[in-house]
Structure formats: C-alpha cells, structure tokens
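The following exercises ask the reader to work from a sequence and its structure to short structural descriptions. Each task is followed by a solution in steps.

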Amino acid sequence: MHWGVYDQSIQELEDKLFSNILLAQRQFDGVRPANTDRPHLLTDQLESARGCAIKLPTLYTGRGHGPFAEMLDGSVKFDLIGGIGPYLLGHSHPLQIKANLEAARGCILNSTNFLPASISSEVSRLLIESAKESPLVHCWFSGSGSMANDSAMRLMWNKRAPRKKLIAFKNSFAGRTLAMQSITSGETSTESLTLHYIDFPSDDDSAKRCLQQLDVLLKNHNDEYCCFYGELIQGEAGIHTPQLKALVMLFEKLKANSIPIWIDEVQTFARTSQLFTFQTFAVSKYIDICTIGKAFNLSAVLFSKDFYLPQGLGGTFQGSVSSLLYAKSLLRLLQSGPFHGPLGRINSLEQKIRLSFSKLSSRFSVRGIGTMWAITIDQGDEVTTNTLLTQLFNQGIIAWKAGRSQYCIRLLFPITLLDEHLDQVQQIFNSCAEHIPSVES
C-alpha cells in the first residue's frame with residue numbers, strides 16, 4: 001500500500017528527484033577545511049534563542065554523504081557521533097532520501113497516537129517480530145527516548161502499584177525528563193520514586209559487588225520494588241559492557257524474586273551484532289520491558305503481555321511520517337541484509353575498528369563493542385579530553401565526550417564507514433596526540 005497520493009507520474013518525478021539529490025550529496029566525500037574563520041550569523045542567532053552555547057561551534061548545512069557532513073563554515077568533517085546516535089547509516093543514505101520524498105506525498109507531517117498513520121502498524125509489527133526469543137509482544141511509540149522511558153515507568157507503576165522503589169545500575173543514563181533525571185543524576189529519591197543503586201558488573205570486582213549489593217537489597221526490601229532498570233551497555237558513562245556471567249546471575253536473582261526487568265536500549269539499539277543488545281548478550285528471555293530510540297529515528301517502548309494497558313499510554317506524537325517510513329525501511333534492511341550475526345557487517349566493522357585503533361598512540365586507551373567506542377587520552381582528565389575534542393574538530397572529526405569521573409571521547413560510528421575512512425580517523429587521532437601536551441609534562 002502506497003502512502004499518500006500516488007500515480008505513475010508522481011513516481012517518475014520522485015525517482016528523478018531521488019537520483020538528483022543522491023548525486024549532489026555524493027560530492028561530499030572527504031574531509032575539507034573551512035572556507036571562512038568568521039562566526040556564522042545563524043549559529044549566533046541559535047545560541048541567543050536557546051540562551052546557551054551550542055555544543056560545537058557551528059551547524060550542519062544539510063549537505064553530506066556517508067560519514068561526512070558539511071558545516072556552515074564550509075568545512076566537511078567525519079561525523080563520528082551522529083547527533084549522539086540517530087545517524088546509524090550516516091548522511092544522505094538512499095533510505096533517508098526515499099523516506100523524505102515518500103512522506104511528502106502524504107497529507108500530514110506527523111503521526112499521532114490518537115489517530116496513527118497506517119505505516120505505524122507495519123513498523124510495530126516488524127519491530128515486535130525483531131524482538132524474537134523475548135516476551136515482548138506490544139509496542140507503543142513515544143516522542144523521544146526520555147518519553148519512552150517515562151512510558152516504561154508508567155507501565156511498571158500500573159502493574160506493580162503501590163511499589164515505588166527501583167533498583168538501577170550506578171552511572172545510569174535514563175534521559176532528561178524529571179522522572180528520568182532522578183535515575184540519571186544519581187539522586188536516591190524523589191517525591192514518587194526511591195532509587196537503590198548497584199554496581200555495573202564490568203569486571204570481576206564490580207560483578208562481585210553488584211551481586212552482593214543486590215542480595216542486601218532483596219533481603220531488606222524484597223517486595224517493595226517495582227522493577228530493575230539498566231542499560232546493557234552504559235553509553236553516557238563511557239561505553240562500559242557487562243561481564244555476561246554476572247549479568248545472567250543478576251537477572252536470575254531478580255526473576256526468582258518476581259522483580260520485572262526493564263532494559264534501556266535507546267542508545268544501543270541496532271549498534272551491536274544483533275538488532276537488540278539483549279539478543280547480543282543472550283538474555284532475551286529475561287526482558288519484560290525494553291525502550292529504544294536514536295538509530296531507529298523513532299522512540300518506542302516494547303513490553304510483554306503482563307504489562308498490557310487497555311487505555312494506552314497517551315502522548316500526542318508517535319513521530320514524523322518520514323521517520324516512520326525510514327524506520328520501516330531500516331528494519332527491513334537490517335532483518336534481510338548481511339548486518340547481524342557473527343559474519344555480519346556490524347561484527348566485521350567492530351573487528352576492523354579494533355584493529356585500526358590498535359595502531360593509535362600509546363597515550364590512548366580504547367574500549368568498545370559494535371559501533372560504540374570510547375577513547376581515553378592519558379588519565380582521562382576533563383581539560384585534556386576537552387582539548388582533544390577541539391583538536392579533533394579542527395582536524396575533521398566530530399565526536400563528543402562521555403564518562404563521569406574519568407572522561408573519554410565517545411564515538412558512534414555509522415555502519416557506512418569504509419576501511420579507508422578508518423585509516424584516516426586513526427591518523428587524525430594520532431596527529432592530535434602529537435599536538436596535545438601530556439598532563440605529566
């Protein structure tokens with residue numbers, strides 16, 4: 001079924017536009033220096049309107065291709081953070097261009113939860129089918145990752161009332177709404193929510209502490225918890241992965257005590273060797289609720305039949321029509337293409353990134369999985385990390401930092417990255433290291 005108005009003449013015009021746009025965008029195929037050193041008026045205006053400085057000293061022009069994006073100063077840079085996650089396929093991918101053109105045939109800009117666009121039915125079906133081997137059978141779209149997490153919390157409270165205590169990993173990042181900020185900031189309680197934290201089990205010591213801390217909480221508060229919340233890969237905290245044996249032991253203890261498990265995949269969705277990270281880590285059967293966003297270009301909460309809510313979750317927007325069309329095409333591509341599994345594109349890209357980064361300066365330490373990577377310079381102090389960010393930007397790489405006490409450069413690679421691009425990225429990092437004084441000196 002076609003979205004919006006459609007006939008042969010519209011299709012021919014759309015095909016011509018598609019070809020012309022793609023050809024024009026493909027001209028942006030490498031790093032280029034700025035053609036002006038003057039601040040751009042639009043950047044100044046946006047900062048004034050927002051009442052604060054933007055994260056980087058310029059804006060996108062809407063021109064770019066693959067891992068490359070053009071800035072208002074005329075420079076073209078590697079975009080290795082992708083807006084902190086959404087640009088899994090890089091810039092001007094054919095699926096993105098087609099989604100925008102196809103959306104223009106419709107009579108609305110956004111799909112709403114009150115009267116959803118027909119496309120949302122197929123996207124929901126494809127998404128639920130993708131969550132194989134898990135109990136997740138329902139899907140509700142939300143306006144952002146934070147709102148998807150808010151929806152997950154409402155589902156938990158509806159099912160588990162009057163329990164208002166929650167177990168979470170330390171250094172979690174759940175979003176910026178008021179409720180999610182309570183989890184993110186490390187606050188122990190709000191008016192309606194009490195947080196109890198356990199260590200993220202990233203190594204033997206933290207795994208041991210994690211399980212011991214859980215035992216104490218279960219002994220003291222067992223029937224008071226509405227759920228457990230956690231990211232399987234901690235992105236904002238600096239790309240930390242769990243010890244899998246400890247993760248399974250943790251989930252087994254939670255299940256034995258009838259505590260539901262809510263997993264936040266807003267940042268990790270589609271970025272590891274399986275579509276969901278809970279599939280990558282083989283813990284699908286434990287998951288009661290999962291939130292996704294970013295690379296999906298929509299946000300959603302998936303949940304089991306135990307959390308079915310007859311009245312729904314509310315909220316006006318599901319997302320833009322172009323985002324729904326793109327999400328449908330993205331799911332089809334990832335499901336049918338050579339992307340997942342041991343021999344898939346993402347696993348292959350992970351190995352190539354690891355090999356390329358093994359050639360970095362000894363000042364750098366590296367960790368990562370799939371397309372999510374962290375690079376720490378020296379001891380990870382904030383001043384040196386910020387200096388590295390500036391140097392990278394000036395030499396052609398857009399990245400951002402992560403971490404809480406020890407900082408790192410966070411990279412979320414597009415899966416359109418080529419081997420030659422990795423070589424250039426590695427060279428830029430090494431060049432930057434040569435121009436940054438070490439803390440010891």
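The exercises below concern this predicted model.

**Exercise 1. A helix pair**

Task: Describe how helix α11 and helix α13 cross, and state which residues make the contact.

Solution.
Step 1. Locate the two elements: α11 covers residues 345-357 and α13 covers residues 419-434.
Step 2. Consider the geometry. The two axes come within 10 Å and cross at roughly 30°, and the crossing of α11 past α13 is right-handed.
Step 3. List the contact residues. From α11 these are Leu349, Lys352, Ile353, Ser356 and Phe357; from α13 they are Asp419, Leu422, Asp423, Val425 and Gln426.
Step 4. Sort the contact by class, which gives 5 nonpolar, 2 polar and 3 charged residues.

**Exercise 2. Two residues of helix α11**

Task: Classify Lys352 and Leu355 as buried, partly exposed or exposed, and place each in its surroundings.

Solution.
Step 1. Both residues are assigned to helix α11: Lys352 and Leu355.
Step 2. Lys352 has a relative accessible area of 31%, so this residue is partly exposed. Leu355 has 54%, which lies over the 50% cut-off, so Leu355 is exposed.
Step 3. Leaving out residues up to four places away in sequence, Lys352 touches Arg345, Asp419 and Leu422.
Step 4. Turn to C-alpha separations. Lys352 and Phe393 are 41 residues apart along the chain, with 23 Å between their C-alpha atoms. For Leu355 and Phe173, 182 residues apart along the chain, the separation is 29 Å.

**Exercise 3. An aromatic pair**

Task: Determine why the pair of Phe228 and Phe251 is edge-to-face, and which parts of the chain the pair ties together.

Solution.
Step 1. Recall the two quantities required: a pair of aromatic rings is described by the distance of the centres and the angle of the planes.
Step 2. A search of the whole structure finds 14 aromatic pairs. In the pair of Phe228 and Phe251, the ring centres are 6.1 Å apart and the planes stand at 65°. Angles over 60 degrees count as edge-to-face, so this pair belongs to that class.
Step 3. Phe228 belongs to strand β8 (residues 225-230) and Phe251 to helix α8 (residues 244-256), so the pair ties together parts that are 23 residues apart in sequence.
Step 4. Check accessibility. Phe228 has 0% relative accessibility and is therefore buried; Phe251, also at 0%, is buried.
Step 5. Extend the view: ring pairs link Phe228 and Phe251 with Phe169, Phe200 and Tyr286 in a cluster.

**Exercise 4. Charges over rings**

Task: State which rings lie beneath Lys77 and Lys98, and at what distances.

Solution.
Step 1. Lys77 lies over the face of Phe393, 4.3 Å from the ring centre.
Step 2. The charged end of Lys98 is placed over the ring of Phe18, at 4.2 Å from the centre.

**Exercise 5. A loop residue**

Task: Decide whether Ile239 is buried or exposed, and list its contacts.

Solution.
Step 1. Ile239 is in the loop between β8 and α8.
Step 2. Its relative accessibility is 2%, and the cut-off for burial is under 20%, so Ile239 is buried.
Step 3. Outside its neighbours within four places in sequence, Ile239 is in contact with Ile233, Gln234, Arg367, Gly368, Met372, Trp373, Ala374 and Arg410.
Step 4. Leu217 is 22 residues from Ile239 along the chain, and the two C-alpha atoms are separated by 26 Å.

**Exercise 6. Backbone exceptions**

Task: Identify what is uncommon about the backbone at Pro162, Ser92 and Lys294.

Solution.
Step 1. Begin with the general expectation: most residues other than glycine have a negative phi, and most peptide bonds are trans.
Step 2. The bond joining Ala161 and Pro162 is cis, with omega about 5°. Pro162 is in the loop between α5 (145-160) and β6 (165-169).
Step 3. Ser92 is not a glycine, yet its phi is positive, about 50°. Ser92 lies in the loop between β3 (76-79) and α3 (94-103), and at 9% relative accessibility it counts as buried.
Step 4. Lys294 likewise has a positive phi, near 50°. Lys294 is in the loop between β10 (289-292) and β11 (299-304), and its relative accessible area of 25% makes it partly exposed.

How values were computed
Residues numbered from 1 in each chain as written. Predicted model: local features only at pLDDT ≥ 70, side-chain atom pairs only at ≥ 80, totals over all residues. Heavy atoms only, no water. Axes fitted to C-alpha atoms, helices over the stretch in contact; angles between N-to-C directions. Helix = DSSP H or I, 4+ residues; strand = E, 2+ residues; numbered from the N terminus. Left-handed = near helix turned anticlockwise from the far one by under 90°. Contact = heavy atoms within 4.5 Å. Nonpolar A, V, L, I, M, F, W, Y, C, P; charged D, E, K, R; others polar. Phe/Tyr/Trp six-rings, centres within 6.5 Å; stacked < 30°, edge-to-face > 60°. Buried < 20%, exposed > 50% of the residue type's maximum accessible area, 1.4 Å probe, protein only. Lys NZ or Arg CZ within 6 Å of the ring centre and 35° of its normal.
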